[in-house]
Amino acid sequence: MDSSVRAVVRQQIRPGALAAVQGLAVALLSLTTNAVLFALSVVSLALIPVFGIGFALFPAVTVLVRLSLRLQRRLSRWCGLPIATPYRPVPADAQLGTWKRFRWVVGDSATWRDFAWLIPGAFTGGACLFGFVLVAYGLEGVLFVPLVLYLNVDWYGYGLFWPMDNILKALLSAPQGWLILFGGLAVAPWLVWLHFRFAGFFLTPTRAQELALRVRHLAATRADTIDTQAAELRRIERDLHDGAQARLVALRMSIGLAEQLLADDPAAAQRLLTEAQEASGHALAELRHLVRGIYPPVLAERGLDGAVQALALAVPLPVDVDVRLPGSPPAAVESAAYFAVAEALTNVTKHSGAARAWIRLRHHDGSLTMVVGDDGHGGATPDAGTGLAGVRRRLAAFDGTMSVTSPPGGPTVVTMELPCELSSRRTSPSSGTG
Amino acid sequence: MRVVIAEDLALLRDGLTRILDAYGFKVVEAVADGPSVLPALTRHRPDVAVLDVRLPPTFTDEGLQAALAARTQLPGLPILVLSQHVEQLYARELLADRGGGVGYLLKDRVSNVGQFIDAVRRVADGGMVMDPEVVSQLLARNTGAQRLGDLTAREREVLGLMAEGRSNAAIAGRLFVTEKAVSKHINNIFSKLGMPPSDDDNRRVLAVLAYLNG
């Protein structure tokens, strides 16, 4: 009984009530701002012949329109109809009030679609108020009418009965209230849904805009990738040049000197050879480190699964590793995933103060999900420092994303996603016989 | 002592053969790829096998896989695995069967011929040799652990050297103390780690590593 009541509340009443409140917000936003913005737009357009005023005013009004619509777009996410942003980016050198800015605003078809939406949007947005009003009026009937009866006010009425001057009408008011209340709860979500569905016709990027956005995104991430790769190559070159290469030169010198000293001063030659051996050890260690930075050998040998386990073992705190992948991603994605997890783990050991950490890898719906969590003190942001920001850039090259939740006091959870397909599983360590 | 070698680089293969020959080992077969390792080992049943982790045809961890397979087919076969890099993951896999006679070393260590030969001998005798790099990683990982935190700095040093597979005498020489002092430290370590003392050095080291490995 108790659980069925709770189920009704969860499935019927709560979404209805939520939609009623959302409807109120949508209606207030649409009724107050749309008309004003429409008027401002028309005025600023009309002022274009008046040189200087309209050119500066129209882009400024557009900024306001876009702010208002950004709010609408955010609200649209409530009812599961997300509306993407179609605008072209602002040219870097376009100040407000310049010809360039004006051209950018006028040239973007999204500006005109926004403008066209303002008035119809005010109507559908205003209609959302209906749901809220029904719910409120229903509540009045349910809660307030008994109170009025109790106080014996005879000039008051409710619903069909006005005024409520006999007991039968009064008794019928309660079911009326319930009917109106549930009607409102049922209607409110539909009104909000209809509003945003309608808004979607105007505000969703068109196919062309979508493609333009996609091209822009790809161009940006491609440029980032190229920059990162170039920087990486430079770093490798520098490390080789200043590190291993220099050590090998020193090594050759020591050996050459030892060769000359061999006859005259065998003790000194021996010392030099010992030094040379040490230097070769350092050179090897450096090369090993470098190789690990380019492509970790364990990743080549054991795939992502084994490599992540090896990472976890190398971290100075206990890490639970839970990897369930039915296959292996393409090598480039695998490498990006590995370095992303490695960076997240480095963050855990360096900054979190955690006692435990955990890693989870899954593949779902064409996307590899990597989650790295810890029980530290939280407060991690992807914007501060280079570590997590670097991960985001690295993942963006593959259309991947990263999100961090890290409230003060913890825990920190870094979730990374990489779209990719898996190929058939490699030979697992236990089944291979070499 | 009879040895089987698996190493794909001809230069290194010849070098290893030469070093081992020079120190009185007999290299009965030197193979160059993964699939030939196991047949060579079952054919010769050598006193010790020296295997490279990475071998053709896949150039992944074929040597290690061959080592693991060999240990299940020929239990207790002493195997020394050489690698260009060391991974705790691999060390753990090699130690999993606790059969004794296991070594896991960076290839760099071969250049210190005396140490390398010593390592081969100790593995052949059923001992365990871990690369100092693996040991230091393990120790770093466990410095925060509760029970290991009770150890004094000197005891931790001794534990590290033990994990590398060194004898009490070698540890004493290294730390400039008497062997008696070393065995006292070792007894302290085992009582602090809650392990009963035993005569079998190898067992004790394996126990320590197992503990370090969590």
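Which helix of chain A holds both W178(A) and F182(A), and about how many turns separate them? I would like to open with that pair, keeping in mind throughout that what we are looking at is a predicted model. The two residues belong to helix α5, which covers residues 167-203 of chain A, and because they are four residues apart there, about one helical turn lies between them. Their rings form a stacked aromatic pair, with 5.9 Å from centre to centre and 20 degrees between the planes. As for exposure, W178(A) has a relative accessibility of 44% and therefore counts as partly exposed, and F182(A), at 38%, is likewise partly exposed.

Let me set beside this another pair in chain A, made by W112(A) and F115(A), which is edge-to-face, with 6.4 Å between the centres and 90 degrees between the planes. Both residues sit in helix α4, residues 109-151 of chain A, where they are three residues apart, again about one turn of the helix. W112(A) is partly exposed because its relative accessibility is 33%, and F115(A), with 21%, is partly exposed as well, since buried would require a value under 20%. This pair also belongs to a wider arrangement, for ring pairs join W112(A) and F115(A) with F38(A), F58(A) and F102(A) in a cluster. Over all chains, the structure holds eight aromatic pairs.

One further ring deserves a mention, that of Y87(A), over which the charged end of R66(A) sits, 3.9 Å from the ring centre.

Now to chain A as a whole, whose secondary structure consists of ten helices and seven strands. The chain has 434 residues, of which 38% are buried, and its accessible surface amounts to about 24,000 Å², with 65% of that belonging to carbon and sulfur atoms. If we take the contacts in chain A with a separation of 6 or more, 69% of them are between residues 24 or more positions apart.

Finally, the interior. The largest nonpolar core has 89 residues, and those with the most contacts inside it are L304(A), L361(A), M416(A) and, from chain B, Y104(B). The element that gives the most to this core is helix α9 of chain A, residues 331-352, which supplies eleven residues. Looking at L304(A) more carefully, and leaving aside residues up to four places away in sequence, we find that the residues it touches include L325(A), P329(A), A337(A), Y338(A) and L361(A). There is also a second, separate core of 20 residues, and among its members are V27(B), L80(B), F116(B) and V120(B).

Definitions and conventions: Residues numbered from 1 in each chain as written. Chains lettered and ligands numbered in written order. Predicted model: local features only at pLDDT ≥ 70, side-chain atom pairs only at ≥ 80, totals over all residues. Heavy atoms only, no water. Phe/Tyr/Trp six-rings, centres within 6.5 Å; stacked < 30°, edge-to-face > 60°. Buried < 20%, exposed > 50% of the residue type's maximum accessible area, 1.4 Å probe, protein only. Lys NZ or Arg CZ within 6 Å of the ring centre and 35° of its normal. Contact = heavy atoms within 4.5 Å. Areas by Shrake-Rupley, 256 points an atom, 1.4 Å probe, with all protein chains shown as cover. Core = buried A, V, L, I, M, F, W, Y, C linked by side-chain atoms within 4.5 Å.
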